2 protein chains.
Amino acid sequence: MLDFAIIGGGPAGLAAGLYASRGGLKEVAMFEPGMPGGQITQSSEIENYPGQLEVVSGMDLMESWLPQATRFGMRHEMDEVARITRREDGTFLLTMVSGKTHEALSVLVATGSVPKMAGFAGEKEFLGRGVSTCATCDGFFYKGKEVAVIGGGDTAIEEALYLADLASKVYVIHRRDAFRAPPAMVDRLKARENVELVMEAKPAEVCGDQSGVTGLKVTLKDGSERDLPVPGVFIFVGRIVRNNALLQEGGHYLCETTEWGEVKVDLRMHTDVAGLFAAGDVREHAPKQVVCAASDGVIAALEAIAYINEEKAKNEGN
Amino acid sequence: MLDFAIIGGGPAGLAAGLYASRGGLKEVAMFEPGMPGGQITQSSEIENYPGQLEVVSGMDLMESWLPQATRFGMRHEMDEVARITRREDGTFLLTMVSGKTHEALSVLVATGSVPKMAGFAGEKEFLGRGVSTCATCDGFFYKGKEVAVIGGGDTAIEEALYLADLASKVYVIHRRDAFRAPPAMVDRLKARENVELVMEAKPAEVCGDQSGVTGLKVTLKDGSERDLPVPGVFIFVGRIVRNNALLQEGGHYLCETTEWGEVKVDLRMHTDVAGLFAAGDVREHAPKQVVCAASDGVIAALEAIAYINEEKAKNEGN
């Protein structure tokens with residue numbers, strides 16, 4: 001029986017493992033089938049992790065996190081959890097993709113979310129070299145330069161507004177002729193002098209060279225093409241919340257989620273199921289920053305320790 | 001007029017300054033009359049800041065935080081805020097201890113909280129060298145060793161339970177003959193084989209040498225003394241929440257607080273006053289860890305940017 005099963009090996013899972021094992025939990029396992037470190041390992045330049053003064057790659061930033069956690073006894077299992085279920089006695093059963101099972105007194109869901117790509121030529125090739133899915137992370141690198149934003153949802157507009165504070169000009173490329181976001185929000189965007197809306201348009205191809213992106217080709221409604229000479233392209237066409245492991249046989253989720261499938265939590269990272277915690281980009285209102293995911297993981301680990309102590313005392317009382 | 005006024009220069013304030021200025025806010029000032037870095041600068045060994053693999057002192061850990069924030073334009077003002085008030089137009093007025101004033105569109109309260117000391121001999125001398133006020137931070141350094149816990153409140157019992165998972169023995173020194181904590185919690189403590197309650201007792205003196213603490217002298221009810229040969233002494237006799245700047249003329253606080261004076265926040269670090277945010281140890285349910293305070297600051301900064309964009313658009317609309 002595991003004390004604490006951590007699903008996901010990004011910053012949230014790794015920080016949770018560090019605090020849970022250093023906090024005295026004996027059986028702490030982190031399930032991550034891929035390389036630990038999370039999505040940030042795909043970023044080439046990080047300059048906003050607090051305390052990390054030199055600009056580093058995501059790979060370099062995360063390199064020390066696994067040894068820091070395993071030093072205190074956390075185990076890394078290179079295995080994928082297919083489903084988490086709660087048993088009658090309040091413990092959890094993890095069914096692995098392989099069919100193998102694990103039992104756990106408490107579980108942290110730290111599986112993250114993945115930005116959707118828009119599907120145009122060059123997009124994946126230039127990801128991290130001019131194509132970005134995070135304005136907070138990368139906006140500053142385009143201070144005083146022109147950027148394009150792809151998307152027309154609430155997030156796209158919010159991020160375009162954020163970028164408008166930094167970039168000299170923001171082109172917003174939207175495939176429809178209107179936005180579905182609240183009118184007040186759309187008005188804020190339209191009021192910005194350095195924002196140009198390119199409606200009923202689709203990105204066709206991002207162009208670039210060895211130094212990165214040099215421009216974006218956009219197909220307009222009439223079939224003609226327009227070249228935008230931008231060094232930065234931001235894609236906000238939705239996210240896939242990686243909540244599959246929470247899906248139960250009846251088609252519902254093990255715990256309460258938002259309409260977008262994000263796990264609902266309180267300030268202490270508790271879900272509405274006792275012993276089940278969530279941390280990082282899989283939870284609602286996640287700021288999608290390494291330091292925030294790490295903090296979530298820390299909080300969840302401390303709460304799991306308190307929860308397990310309570311449960312053990314109850315069982316000893318019986 | 002400041003865009004964002006940050007009150008307090010610990011991890012929360014510094015991380016907020018980094019993200020707010022890097023996020024494009026022009027006028028960002030952090031008010032900290034002392035040396036920036038916060039309480040953690042008094043700790044001698046940190047091994048649990050995610051990504052910081054080598055053990056470092058608190059001073060060394062925080063050294064890079066101020067230059068990282070000022071690099072993007074945050075200003076550090078060595079001045080102390082006496083009172084924050086909200087004006088009719090929704091902006092804030094900061095009155096400094098000197099009588100000087102500042103105006104701000106948004107404000108972050110990141111003033112922290114300070115652990116109370118118990119007031120026995122040697123306590124301050126050995127703080128950070130065997131005397132601690134944080135089990136999560138320092139408990140692991142006493143793995144397999146004996147420790148004493150001073151205090152009888154809920155926090156003291158929670159922290160004693162946490163330490164009981166790590167230490168070979170935990171002495172709990174309480175001045176009364178009973179605990180006021182919930183009976184179930186007290187029972188959990190009593191059920192631990194490695195916990196000894198030393199009731200109606202007061203710490204008299206912590207003893208030590210250059211290597212740190214070597215023992216604690218305790219005065220018992222009958223006036224006799226008992227020597228506990230512990231290398232670690234944890235003090236949990238309450239905290240002073242540094243919320244003074246929020247106190248208004250009528251004696252109430254500017255925003256909603258808990259019965260302990262901690263600022264109430266939601267997952268996005270909003271208080272119940274628009275444009276006023278809280279982060280770090282001054283807020284409710286704060287885990288009192290550097291990475292968590294930093295995350296709070298980041299969230300508050302991102303929310304302040306969104307808030308200011310909204311307000312500016314409103315004013316332009318008028």
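Biologist: Hi! Leaving aside neighbours within four places in sequence, which residues is B:Glu47 in contact with?
Modeller: In this predicted model, B:Glu47 is in contact with residues of chain A, namely A:Leu18, A:Arg22, A:Gln68, A:Arg71 and A:Phe72. On chain B, the contacts of B:Glu47 are B:Gln52, B:Val55, B:Phe140 and B:Phe141.

Biologist: Where is the place of B:Glu47 in chain B?
Modeller: B:Glu47 is in the loop between strand E2 (28-31) and helix H2 (58-62) of chain B.

Biologist: And is B:Glu47 buried or exposed?
Modeller: B:Glu47 is buried: its relative accessible area is 7%, and the cut-off for buried is under 20%.

Biologist: What joins the side chains of B:Glu47 and A:Arg22?
Modeller: Those two side chains share a polar contact of 2.7 Å. There is also a salt bridge between the side chains of A:Glu47 and B:Arg22, at 2.7 Å from N to O.

Biologist: How many salt bridges does the rule find across the interface of chain B and chain A?
Modeller: The rule finds 2 salt bridges there. It also gives 28 residue pairs in polar contact across that interface.

Biologist: Which elements of chain B give two or more residues to the side that touches chain A?
Modeller: They are helices H1 (11-22), H3 (65-70), H4 (135-138), H5 (154-164), H6 (183-191) and H7 (290-317) of chain B. H7(B) gives the most, with 12 residues. By class, that side of chain B has 28 nonpolar, 12 polar and 13 charged residues.

Biologist: Nice. How many residues does the contact take from each chain?
Modeller: The contact takes 53 residues from chain B and 53 from chain A. About 4,800 Å² of area is buried between the two chains, and carbon and sulfur atoms give 59% of that. In chain B, the residues that lose the most area to chain A are B:Arg22, B:Leu53 and B:Leu267, which together make up 17% of what that side buries.

Biologist: What rotation superposes chain B on chain A?
Modeller: A rotation of 180 degrees does it, with 0.0 Å of shift along the axis and an RMSD of 0.0 Å. That is how a two-fold axis relates copies.

Biologist: Why do we say the copies meet through the same surface?
Modeller: Because 100% of the interface residues of chain B are also interface residues in chain A.

Biologist: New topic! How many salt bridges does the structure hold over all chains?
Modeller: There are 30 over all chains. One of them joins A:Asp3 and A:Lys312, where the closest N and O atoms are 3.8 Å apart. This pair links distant parts of the chain, 309 residues apart, with A:Asp3 in strand E1 and A:Lys312 in helix H7 (residues 290-317) of chain A.

Biologist: Are A:Asp3 and A:Lys312 buried or exposed?
Modeller: A:Asp3 is buried, at 7% relative accessible area. A:Lys312 counts as partly exposed, at 38%.

Biologist: And in chain B, what does B:Asp3 form a salt bridge with?
Modeller: With B:Lys312, and the closest N and O atoms are 3.8 Å apart. B:Asp3 counts as buried at 7% relative accessibility, while B:Lys312 is partly exposed at 39%.

Biologist: Back to chain A, then. How do the side chains of A:Arg283 and A:Asp296 meet?
Modeller: They meet in a salt bridge, at 2.6 Å from N to O. A:Arg283 lies in the loop between strand E17 (276-278) and H7 of chain A and A:Asp296 in helix H7, so the pair ties together parts that are 13 residues apart in sequence. Both A:Arg283 and A:Asp296 are buried.

Biologist: Last one: which residues are linked in a network of salt bridges?
Modeller: A:Glu27, A:Arg75 and A:Glu77 are linked in one.

Technical notes. Residues numbered from 1 in each chain as written. Chains lettered and ligands numbered in written order. Predicted model: local features only at pLDDT ≥ 70, side-chain atom pairs only at ≥ 80, totals over all residues. Heavy atoms only, no water. Least-squares fit on C-alpha atoms with pLDDT ≥ 70 in both. Contact = heavy atoms within 4.5 Å. Buried area = accessible area lost by both parts, 1.4 Å probe. Salt bridge = Lys/Arg side-chain N within 4 Å of Asp/Glu carboxyl O. Polar contact = N/O pair within 3.5 Å; in protein donor to acceptor, adjacent residues only side chain to side chain. Helix = DSSP H or I, 4+ residues; strand = E, 2+ residues; numbered from the N terminus. Nonpolar A, V, L, I, M, F, W, Y, C, P; charged D, E, K, R; others polar. Buried < 20%, exposed > 50% of the residue type's maximum accessible area, 1.4 Å probe, protein only.
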